[in-house]
Amino acid sequence: MKAFKLYSLLAIVILLSSCSSNDADEVNFANATPQVQCITNNLVGPTAVYWDYAHGIPAPFTSIPMVANPQSTFNHPDVFTNLRFTVPQGYTATPLSIPNSAFGVDLRRSNNNPQNKVLWRYYPITSFNGSANIDQVRAFFINDLMVNEYGFNGTPTVDCAPPTQTVDFGGVTRTFSSRAIRFGNTRAIIWVALVPMPFGSSVAVSISAGPINEFDNLVMDVFFPISFELLLPDRDSLSDRDNDGTPDVFDPEPDNPNVS
């Protein structure tokens, strides 16, 4: 576990050091297009970079992205999860905790207004009984997102639907599937990963959804910063000069305890 935490930190250091410190040399997110297969040309800019990042393609930052207007820190109540990140102003984090079955978190903004609602959902582990395949699991989460979160009962527009990928890890298979969709006023990027188990499947899911007209800003101010924070599971061992609970690497003012 310690080795994993060290490698996570090294991955960020290597990523940032490999990029030029000159902002003029940084890849222009505004002109970015997806490297991973898409059906339409509707994914551009930061959204395209985030879509690629969801598929393991590093985002070319020259500094670690941070949550804009931080409000508090979310700590999952199940301490073994080490699921911790900064909550932006105006958002509410709700933990998912089902013993021996599932854990994760929902981060929401404007929960009662579908036109302005933002949902970031990350469930590292959920359990599905029976023989559900990756297409059925993905459809379940997309339908739950549209109907139960946004009250949308129509058919979404699919912008990206790359082929399913299956990798064998010494006899254990992991199947990955993703979609970029639009419905109503909302854009969403969803990925699911499924590992067959003796009596069902273990599934990880990530959903990033929000208004289409501000999705690029959400990517840069919320989705990317939280994703980078989750790469550092051992945050408590990091330097925190002002003792405000936010490591210096994520603190916009590391010597001011009133700003975290």
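This passage describes the disulfide, the salt bridges, a group of paired strands and one helix of a predicted model.

A search of the whole structure finds one disulfide. The bond joins Cys38 to Cys160, with a distance of 2.0 Å from S to S. Cys38 lies in the loop between α1 (2-17) and α2 (46-53), whereas Cys160 belongs to strand β6 (residues 157-160), so the pair ties together parts that are 122 residues apart in sequence. The torsion about the S-S bond of Cys38 and Cys160 is about 90 degrees, and the disulfide is therefore right-handed. The surroundings of the two cysteines were also examined. Cys38 has a relative accessible area of 23% and is partly exposed. Cys160 has a relative accessibility of 0% and counts as buried.

Strand β6 also contributes to a salt bridge. Here the side chains of Asp159 and Arg182 meet at 2.7 Å, N to O. Asp159 lies in strand β6 and Arg182 in strand β8 (residues 172-183), so this pair ties together parts that are 23 residues apart in sequence. Asp159 counts as buried, because its relative accessibility is 0% and the cut-off for a buried residue is under 20%.

Side chains of opposite charge can pair when their charged atoms come close. In the model, the count comes to 10 salt bridges. A network of salt bridges links Asp106, Arg108, Lys117, Arg121, Asp144 and Glu149. Within this network, Asp106 forms a salt bridge with Arg108, and the closest N and O atoms are 3.1 Å apart. Asp106 also meets Arg121 in a salt bridge, at 2.6 Å from N to O. The pair of Arg121 and Asp106 links distant parts of the chain, since Arg121 is in strand β5 (residues 118-129) and Asp106 is in strand β4 (residues 102-109), 15 residues apart. Each of these three residues is shielded to some degree by the rest of the protein chain, as their accessibilities indicate. Arg121 is buried with a relative accessible area of 3%, Asp106 counts as buried at 7% relative accessibility, and Arg108 counts as buried at 17%.

The strand that holds Asp106 was then considered as a whole. Strand β4 is mostly covered, with eight of its eight residues buried. In a regular strand the side chains alternate between the two faces of the sheet. In β4, Ala102, Gly104, Asp106 and Arg108 point one way, while Phe103, Val105, Leu107 and Arg109 point the other way, and all are buried. On one pairing, β4 and strand β3 (residues 91-98) run in the antiparallel sense over eight bridges. Asp106 in β4 is the bridge partner of Thr94. The hairpin of β3 and β4 has three residues between the strands, and in this hairpin Asn100 takes a positive phi near 60 degrees. Strand β4 is also joined to β5 by six bridges, and these two strands run antiparallel. In this second pairing, the bridge partner of Leu107 is Trp120 in β5.

Two further residues were examined around strand β2. Arg84 has its place in strand β2 and counts as buried at 15% relative accessibility. A polar contact of 3.4 Å joins the side chain of Arg84 to that of Asn75. Asn82 lies in the loop between β1 (70-75) and β2 (84-88), and this residue counts as partly exposed at 36% relative accessibility. Asn82 and Leu230 are 148 residues apart in sequence, but their C-alpha atoms are 8.9 Å apart in space.

The last element described is helix α4 (residues 215-229). This helix has 15 residues and reaches 20 Å from its first C-alpha to its last, close to the 21 Å expected at 1.5 Å a residue. A kink of about 35 degrees lies at Phe223 in α4, shortly before the proline Pro225. Of the 15 residues of α4, 11 are buried, so the helix is largely enclosed by the rest of the structure. Among the buried residues are Phe223 and Pro225, together with others including Phe215, Leu218, Val219, Val222 and Glu229.

Technical notes
Residues numbered from 1 in each chain as written. Predicted model: local features only at pLDDT ≥ 70, side-chain atom pairs only at ≥ 80, totals over all residues. Heavy atoms only, no water. Disulfide = S-S within 2.5 Å. Helix = DSSP H or I, 4+ residues; strand = E, 2+ residues; numbered from the N terminus. Buried < 20%, exposed > 50% of the residue type's maximum accessible area, 1.4 Å probe, protein only. Salt bridge = Lys/Arg side-chain N within 4 Å of Asp/Glu carboxyl O. Expected span 1.5 Å × (residues − 1). Bend = angle between axes of the 7 residues up to and from the residue. Polar contact = N/O pair within 3.5 Å; in protein donor to acceptor, adjacent residues only side chain to side chain. Pairing = 2+ DSSP bridges.
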